[in-house]
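I opened this model to look up a few packing questions. My entries follow in the order I made them.

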Amino acid sequence: MESEETAVLFKDRFEYVDRTGKKLELLAIWQESSEDNDVGAEDEIGVEADDDKELAEKAHEIEQPEAGAANNLNLTIPLRLYDCTDGVLKDQETYLRETDNVAPSYLIVSQVWGDIQELMGIPSVGWKVPISDRRKWDIIMDYCRSQDVKWLWMDILCINQTKNSAESDREKALEIPKMSFYYREATACLVIPDRYETFPQEYKEILELHSMFKDTITFDPSTMLQVWNSIEKLRSIIQDAWFWRVWTLQELLLPQLLVLSDGQILDPDDIRSALDWYHIMLQRGILKKPTGGKDYPYVHPTGEIKIAALGHANLGDSLRKVLKQKGHIDLVQLVINTQLKRCTKAEDRLFALYGLVGDGEKVAVQVSSDSSHTVNSDTTKQVSVDLELLRLKWKETLWKVLRTGKIWPLLYDSVDPSNAMKEASWMPHIIVSDGSGQLVPDVLDYGNRHAINVSKEGLKLAARRVGRVIGASGQFGDGGGELNRVFLCLWILRAKGFDISPIVELLKNVLQNPVWERDSLPPSVLEVSQMALEASLYASSPQQCFQIYEAAKLRDKVVSAGGFCGWNRQIVCVELGGPKQPLACWAWIQSSMQPRDRNCWVFDVTSEPVDTVKQWLVAKRMEAGTYSKIGTARAHPVGLQDTPVRILLV
């Protein structure tokens, strides 16, 4: 009787049956075709003689906004401040005259716009103030009176909101890039969450529970019920729209101090600590659903707590550290961390981040005259205008970012261009050529010593061929169920003779370097877990593989550690050529451009030593010597041909 390992050798397509009985494509290996022998020779065109010449690049000129008529203004302090004592909005010249020409201390306000319900008239303010609830204004004024706040800055109050006004547009274009100064220099930032009436009390209760019971190793029945039922309040806090808007990210990260309307200090680190505590209590089985406890669909039996795609970006954990160290955050990092955040207008996807990025990555802010926040302003026409403005400004910004050398675009995982209209995937695809023959982002040759030329046909460059893609898995997402498919796929590939060590080493590293400190494994547990991981994938059958996998609780450990799965991830199988063992690589592939039937290749587009290269390019072959990028793959030290080939990317 043949073994299961032997049996897989006679199959080229594999399916996975999920818990509902639905069959999903797991893995496909493509047999050699009659055309294969011709492709290699056809593609190996010599490297052109001009390889060592430098690529001439013309700097992309970006128009900067004019300083405005009032050149004597101090551009790092607010254009206007609201005098809470007098109830009057005062321009810079007026309030400086009252403060002996010294910038006064002021409170700044961060609030969620929400659905604008009215345009509120305030004495001394020359425009209608758009607000979702007049009660918010009353709460802000009550706080200012209770804390003896004299000077106040609030965007809808201190930046001209006049609709269809060229003057208003010019002012916004000047003020938006200065927001970082305003939030950094304010004495405190008053946060008005979306659920401003209940948020302060829920926040207080969660922190008190965490403080009282953080060292508890067992709960009595009444305390268990109290803590269990408080999970809903924790979820309510984290899911408040204030944490999920693009504009409020800089308002979370920049201020010296965040306060709530009842005087409490709002500390995102305290929220993270509380969330981690609930997570650990659930994982260890100390906190369990008691009699009379609420049912939570987002609390899993394994002790995992899943709250609507909650990530570190929403609480600013890692970004706050970067901001403190560097004084700014790279735009690409911000984009990646804000893809799930929401905004009213597409153009805000960039403008809302300008307070956090360095000056070298900013371009002139352009605000169209019909793009003011007004009641029921989100028409189809306006969305189209905003999106086009976003694309234009993103292209200009990307020119500047790429020229800093911070990213090598051919090895950058852009989002799927087919989803560009969706809010979660707004970033336009990085193009190769716009047909004009002009320099475009992918021309930059960081890491490639040979000449890179752009023509109307596309991008010409020298690259080292790694190998042909001879198979691919289905796409994997996040979560434990997805990880089951990954392990089964890896077991099958290993049984078919593929080298799976690159992905095994990646999984081991994930266990060793978790995203959150709370998920760190003690050295003895880490060693045992890494051994179990390898043993499961080299087991003699899928059943034995998953027995080891379940016994070692690898699913929970890898999912909790993070940094492995993620959308548009899959395994690509690469034939290296000669007698070498084919390789299994962990890759990011555009969902709309899947590899099919041995028509894709993997290239090293750098000139770096092979053991230091981090990413490879995955490209679909269009015709002899011509390819189109479909994704990237994690590199693995392999013997590459010494002579690069010349390819055309379209």
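**Entry 1: a loop residue.** I began with N160, which touches R80, W127, E167, S168, E171 and K172, leaving out residues up to four places away in sequence. The model is predicted, so I keep that in mind throughout. N160 sits in the loop between α5 (155–158) and α6 (166–175). Is N160 buried or exposed? Its relative accessibility is 7%, so N160 counts as buried.

**Entry 2: the whole chain.** I stepped back for the totals. The chain has 22 helices and 18 strands. It runs to 650 residues, and 55% of them count as buried. I then checked contacts between residues at least 6 apart in sequence. Of these, 71% join residues at least 24 apart.

**Entry 3: helix α8.** I picked α8, residues 199–213. I checked its length against the ideal rise. At 1.5 Å a residue, its 15 residues should span 21 Å, and the end C-alpha atoms are 21 Å apart, so the two agree. Next I listed its buried residues. They are F199, P200, E202, Y203, I206, L207, L209, H210 and F213. I noted the spacing rule here. An α-helix has 3.6 residues a turn, so residues three or four places apart point the same way. What covers the buried residues of α8? The cover includes α9 (221–229), α10 and α12.

**Entry 4: L209.** I zoomed in on one residue of α8, L209. L209 has a relative accessible area of 5%, so it is buried. I set aside neighbours within four places in sequence. L209 is then in contact with K214, Q226, V227, S230, W277 and Y278. I looked at S230 in particular. L209 and S230 are 21 residues apart in sequence, and their C-alpha atoms lie 8.7 Å apart.

**Entry 5: α8 against α10.** I took the helix pair next. The axes of α8 and α10 (residues 231–238) come within 9 Å, and they cross at roughly 125 degrees. That angle makes α8 oblique to α10. The crossing is left-handed. Which residues meet? From α8 I noted F199, E202, Y203, E205 and I206. From α10 I noted K233, L234, S236 and I237. By class, the residues of this contact divide into five nonpolar, one polar and three charged.

**Entry 6: α10 against α12.** I followed α10 to its contact with α12. Here the axes are 11 Å apart and the packing angle is about 140 degrees. I had to check the class for that angle. Over 145 degrees would count as roughly antiparallel. At about 140 degrees, α10 is therefore oblique to α12. α10 passes α12 in a left-handed crossing. On the α10 side I found I231, L234, I237 and I238. On the α12 side I found I271, L275 and Y278. This contact has seven nonpolar residues, no polar and no charged ones.

**Entry 7: α12 itself.** I then examined α12, residues 268–283. The helix has 16 residues and reaches 22 Å from its first C-alpha to its last, close to the 22 Å expected at 1.5 Å a residue. How many of its residues are buried? The count is 12 of the 16, so α12 is largely enclosed by the rest of the structure. The buried residues include I271, L275 and Y278. W277 is also among them. So are R272, D276 and H279.

**Entry 8: P502.** I moved on along the chain to P502, found in helix α19 (residues 501–512). P502 is buried, with a relative accessible area of 16%. The cut-off for buried is under 20%. I excluded neighbours within four places in sequence. P502 is in contact with L583, A584 and H636. I checked the separation from H636. P502 and H636 are 134 residues apart in sequence, yet 6.3 Å apart in space, C-alpha to C-alpha.

**Entry 9: S529.** My last lookup was S529, which lies in helix α20 (residues 523–537). Is S529 buried or exposed? S529 is buried, at 2% relative accessible area. What does S529 touch, not counting residues up to four places away in sequence? I listed L511, L521, L554 and K557.

How values were computed. Residues are numbered from 1 along each chain as its sequence is written. This is a predicted model: local features need pLDDT of at least 70, side-chain atom pairs count only at pLDDT 80 or more; totals for chains, interfaces and linings use all residues. Side-chain values use heavy atoms; hydrogens and water are left out. Axes are lines fitted to C-alpha atoms, for helices over the stretch in contact, and angles run from 0 to 180 degrees between N-to-C directions. Helices (H or I, at least four residues) and strands (E, at least two) are DSSP runs, numbered from the N terminus. Angles under 35 degrees count as roughly parallel, over 145 as roughly antiparallel, 65 to 115 as roughly perpendicular and the rest as oblique. A crossing is left-handed if the near helix is turned anticlockwise from the far one by less than a right angle, and right-handed if clockwise. Contact means heavy atoms within 4.5 Å. Ala, Val, Leu, Ile, Met, Phe, Trp, Tyr, Cys and Pro count as nonpolar, Asp, Glu, Lys and Arg as charged, and the others, Gly among them, as polar. The expected span of a helix is 1.5 Å times one less than its number of residues. Buried means under 20% relative accessible area, exposed over 50%, partly exposed in between (1.4 Å probe, protein chains only).
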